[in-house]
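Here is a walk through one protein chain, pocket by pocket and residue by residue. Keep the viewer open and follow along.

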Amino acid sequence: MPHPLPDTPSSFAATRATDFTEAALRSALLTGEGLRVVVQPQFNLGTGKIVGAEALVRWRYQGRDVAPDRFLPTLARLGLERELFEFVLDQVQDLLLTLTLFDIRCAVSVNASAAVLSSADMPHCLEARLRTTGLPAHLLKIEVTEDSAAPDLGALGVQLSGLRERGIGISMDDFGVGRSSMKRLVTLPFSELKIDRMFVQEMANCPASSAVVQTSLSLGAKLGMQVVAEGVETGEQAILLRDMGCSRAQGFGLSAPLEIGVFIGYLARNLKHEMADRISAMAMHKTVPCASPGL
């Protein structure tokens, strides 16, 4: 499992009081100064292997990290969500292209608000990006965040359907919270739902939360969706999820968000070890018949 950065749920606590100006945030988005993208791996709870990742944005201002829940609402109020989405997409495309050099196929999710995804040009924009880079569409997922209501659920559905038709996965973030969760689930063309961390973290001690997790897994299976549990912080939670039939999960207990270079290095080393094991297995399989021709 990757070595986590010192980026834990409590690491942002001291930064919540960090003051910043709207002008500073605008400048950071325009120049990229202080902004970076990290990725939090998603694991197969049965094999322990990385099967995906979520891209997350970080902002370092005046020598301190500003908590995302402080600067993201400000950025949305300034009408700069689309610009941030494009910034993260640029970084994720570069990451995916680098991984292809190692013959690694690992889907990465990018968060976007309903307002951004409702833009009429979104399917064409993403299709053009993928065509330019040559990246397969299935390596890119879009997570629809719950932080803002869709201006028009119908318009959002049209754009998301356009993305699905182009092979791009659509994930429903924070399932189980928010008044529109169930309505969105049955109205919009999701391919994946992510169980909110609140239920995952309380399921060991709260039968109701455990029931929500189990119901979410069953619902996802019936709807043909991949289900990912968020916010796994302990081994006990990972085991409970696995025993419930949940195959994918992410959280600080499995791995903190990783710098892109660390993430690439880990996957590359893991691939090297897998290839070595495959070659050894092939060699053993080949020599056994030669050593025992009578079998």
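## The second largest pocket

Sorted by class, the residues lining the second largest pocket are eight nonpolar, four polar and six charged. That pocket, in what is a predicted model, has a volume of about 330 Å³. Its lining comes to 18 residues, and those nearest the centre are I50, I104, R105, C106 and L267. Two elements, β2 and α11, give two or more residues each to this lining.

R105 is worth a stop of its own. Look for R105 in the loop that runs between α3 and β4 (108-112). Is R105 buried, exposed or partly exposed? Its relative accessibility is 48%, so R105 counts as partly exposed, the class that ends at 50%. Setting aside residues up to four places away in sequence, R105 touches T100 and L139. R105 and P136 sit 31 residues apart in sequence, yet their C-alpha atoms are 9.4 Å apart in space.

## The cavity and helix α3

Now for the enclosed space. The structure has one cavity of 30 Å³ or more, and the volume of the largest cavity is about 30 Å³. Which residues line the largest cavity? They are L89, V92, Q93, L96, L130, L135 and L140. By class that makes six nonpolar residues and one polar, with no charged ones. The element that gives the most to this lining is α3, with four residues.

Helix α3 covers residues 81-101, 21 residues in total, and spans 31 Å from first C-alpha to last, close to the 30 Å expected at 1.5 Å a residue. The buried residues in α3 are L84, F85, E86, F87, V88, L89, V92, Q93, L95, L96 and L99. As a reminder, an α-helix has 3.6 residues a turn, so residues three or four places apart point the same way. Past the end of α3 comes D103, with a positive phi near 60°.

## Strand β2 and the loop after it

Strand β2 takes in residues 50-61, with A53 among them. A53 has a relative accessibility of 1%, which means that A53 counts as buried, well under the 20% cut-off. What does A53 touch, apart from residues up to four places away in sequence? V39, Q40, P41 and Q42 are on the list, along with C106, A107, V108, S109 and F263. C106 thus turns up twice, as a contact of A53 and among the residues nearest the centre of the second largest pocket. F43 is 10 residues from A53 along the chain, and 8.5 Å separates their C-alpha atoms.

Move on to the loop between β2 and β3 (64-66) and you reach Q62. Q62 counts as exposed because its relative accessibility is 63%, over the 50% mark. Its phi is positive, near 50°, in a residue other than glycine.

## Two more residues to click on

Q159 belongs to helix α6, residues 153-165. With a relative accessible area of 11%, Q159 is buried, because the cut-off is 20%. Leaving out neighbours within four places in sequence, Q159 is in contact with L117, S118, S119, A120 and P123.

D174, for its part, lies in strand β6 (residues 169-175). D174 is not a glycine, but its phi is positive, about 55°.

## The whole chain, and how far to trust it

Stepping back, the chain has 11 helices and 10 strands. Of its 295 residues, 46% are buried. Among contacts with a separation of 6 or more, 72% join residues 24 or more positions apart.

Where is confidence lowest and where is it highest? The mean pLDDT of the chain is 87, and 83% of its residues reach 70 or more. Helix α11 (residues 260-291) is lowest, at a mean of 66, and strand β9 (residues 248-249) is highest, at 98. Over residues 3-17 the pLDDT stays under 50, and the model has 31 contacts beyond four places in sequence for that stretch. Residues 287-295 are also below 50, and this stretch has zero contacts in the model beyond near neighbours in sequence. Keep α11 in mind when looking at the second largest pocket: it is one of the elements giving two or more residues to the lining.

Key:
Residues are numbered from 1 along each chain as its sequence is written. This is a predicted model: local features need pLDDT of at least 70, side-chain atom pairs count only at pLDDT 80 or more; totals for chains, interfaces and linings use all residues. Side-chain values use heavy atoms; hydrogens and water are left out. Buried means under 20% relative accessible area, exposed over 50%, partly exposed in between (1.4 Å probe, protein chains only). Contact means heavy atoms within 4.5 Å. The expected span of a helix is 1.5 Å times one less than its number of residues. pLDDT is the predictor's confidence in each residue, from 0 to 100. On a 1 Å grid over the protein atoms alone, a cavity is a set of points where a 1.4 Å probe fits but cannot get out, and a pocket is an open set with protein on both sides within 12 Å along at least five of seven lines; lining residues have an atom within 4 Å of a point. Grid points are joined across faces, edges and corners, and a volume is the space filled by probe spheres set on the points. Ala, Val, Leu, Ile, Met, Phe, Trp, Tyr, Cys and Pro count as nonpolar, Asp, Glu, Lys and Arg as charged, and the others, Gly among them, as polar.
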